[in-house]
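Here is a short report to read alongside the sequence and the model. It moves from one residue to its surroundings, then to the whole chain.

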Amino acid sequence: MSVPAFPIDASAAGAALGQGFFMGAGLIMAIGAQNALVLRQGLARAHVGPTVLLCVLSDWLLIMAGVYGLGSLISGSPTALEWLRWGGAAFLAWYGVVALRRAIAPVHGSLQAAGAVSSLRDTLMAAAAMTYLNPHVYLDTVVLLGSVGAQHRGDARAAFAAGAGLASLAWFAALGYGAAAAAPWLQRPQVWRAIDAVVAAVMFFVAWQLLARPLM
């Protein structure tokens with residue numbers, strides 16, 4: 001008795017996983033209020049686990065909303081996909097230029113543990129506010145990731161979302177739990193210049209991917 005086959009395009013899923021991971025990492029790595037809070041908590045060794053968990057779960061929620069909410073909404077319209085392909089590439093290129101400018105002329109100050117919030121409740125409230133009240137979070141995670149995720153179908157779309165989620169988990173865990181060990185390096189502007197240079201390279205590469213291949 002034969003078993004029905006459900007073909008899975010492993011190469012497409014693998015490529016989408018990598019694209020989701022590197023794009024998610026590129027979007028989240030830029031230092032901001034949320035990342036600074038996680039770093040400060042890590043440097044102070046205070047409420048690191050709950051803070052990282054809240055940021056990661058929030059990111060996963062927004063990624064799924066973008067890839068499966070916005071993505072599903074627009075994926076049935078070739079015209080919308082084409083507009084988003086060009087618009088997403090333009091935004092990614094602009095994001096890359098901004099990151100490159102930061103790499104050339106860094107504006108990051110040193111991060112001190114003294115700014116860490118003392119109580120767990122206040123820490124989580126601050127992390128939630130910096131996540132859900134930041135319009136850039138919705139633009140980056142929901143709209144931009146959703147529009148790129150909409151280019152994929154089936155397993156590839158799930159792989160893209162998984163890749164972006166893994167990037168979020170890896171980044172926030174590294175920030176929170178690696179902050180104390182990496183404190184001497186995190187005080188150096190050269191480190192943030194290197195991070196911004198990587199962000200710029202990732203953004204330019206994903207923008208090129210969007211423009212170089214046909215809609216899927």
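## A partly exposed leucine

This is a predicted model. Start with L17. Its relative accessibility is 34%. Buried would need a value under 20%, and exposed one over 50%, so L17 counts as partly exposed. L17 sits in helix α1.

L17 belongs to a nonpolar surface patch. The other members are L53, L57, W60, L166 and L169. Together the six residues L17, L53, L57, W60, L166 and L169 offer about 520 Å² of accessible area. Two elements give two or more residues each: α3 (48-74) and α7 (154-186). Helix α3 has the largest share, with three residues.

## Helix α1

Helix α1 covers residues 10-29, which is 20 residues. How far apart should its ends be? At 1.5 Å a residue, the expected span is 28 Å. The end C-alpha atoms are 28 Å apart in the model, so the two values agree.

Many positions in α1 are buried. Among them are A12, A13, A16, Q19 and G20. The run from M23 through G24, A25, G26, L27 and I28 to M29 is buried too.

## T131 in helix α5

T131 lies in helix α5, residues 120-132. Is T131 buried or exposed? Its relative accessibility is 1%, under the 20% cut-off, so T131 counts as buried.

The T131 side chain reaches the backbone oxygen of A127 at 2.8 Å. Leaving aside residues up to four places away in sequence, T131 touches Q34, S58, L62 and V137.

## The salt bridge

How many salt bridges does a search of the whole structure find? It finds one. The partners are R121 and D122, whose side chains meet at 3.6 Å, N to O.

R121 has a relative accessible area of 59%, over the 50% limit, so it is exposed. D122 has a relative accessibility of 36%, so it counts as partly exposed.

## The whole chain

The chain has eight helices and zero strands. Read along the sequence, the pattern is α-α-α-α-α-α-α-α.

Of the 216 residues, 44% are buried. Take the contacts with a separation of 6 or more: 89% of these join residues 24 or more positions apart. The accessible surface of the chain is about 10600 Å². Carbon and sulfur atoms account for 73% of that surface.

Note on methods
Residues numbered from 1 in each chain as written. Predicted model: local features only at pLDDT ≥ 70, side-chain atom pairs only at ≥ 80, totals over all residues. Heavy atoms only, no water. Helix = DSSP H or I, 4+ residues; strand = E, 2+ residues; numbered from the N terminus. Expected span 1.5 Å × (residues − 1). Buried < 20%, exposed > 50% of the residue type's maximum accessible area, 1.4 Å probe, protein only. Polar contact = N/O pair within 3.5 Å; in protein donor to acceptor, adjacent residues only side chain to side chain. Contact = heavy atoms within 4.5 Å. Patch = residues over 30% accessible without salt bridge, like charges linked within 9 Å, V, L, I, M, F, W, Y side chains within 5 Å. Areas by Shrake-Rupley, 256 points an atom, 1.4 Å probe, with all protein chains shown as cover. Salt bridge = Lys/Arg side-chain N within 4 Å of Asp/Glu carboxyl O.
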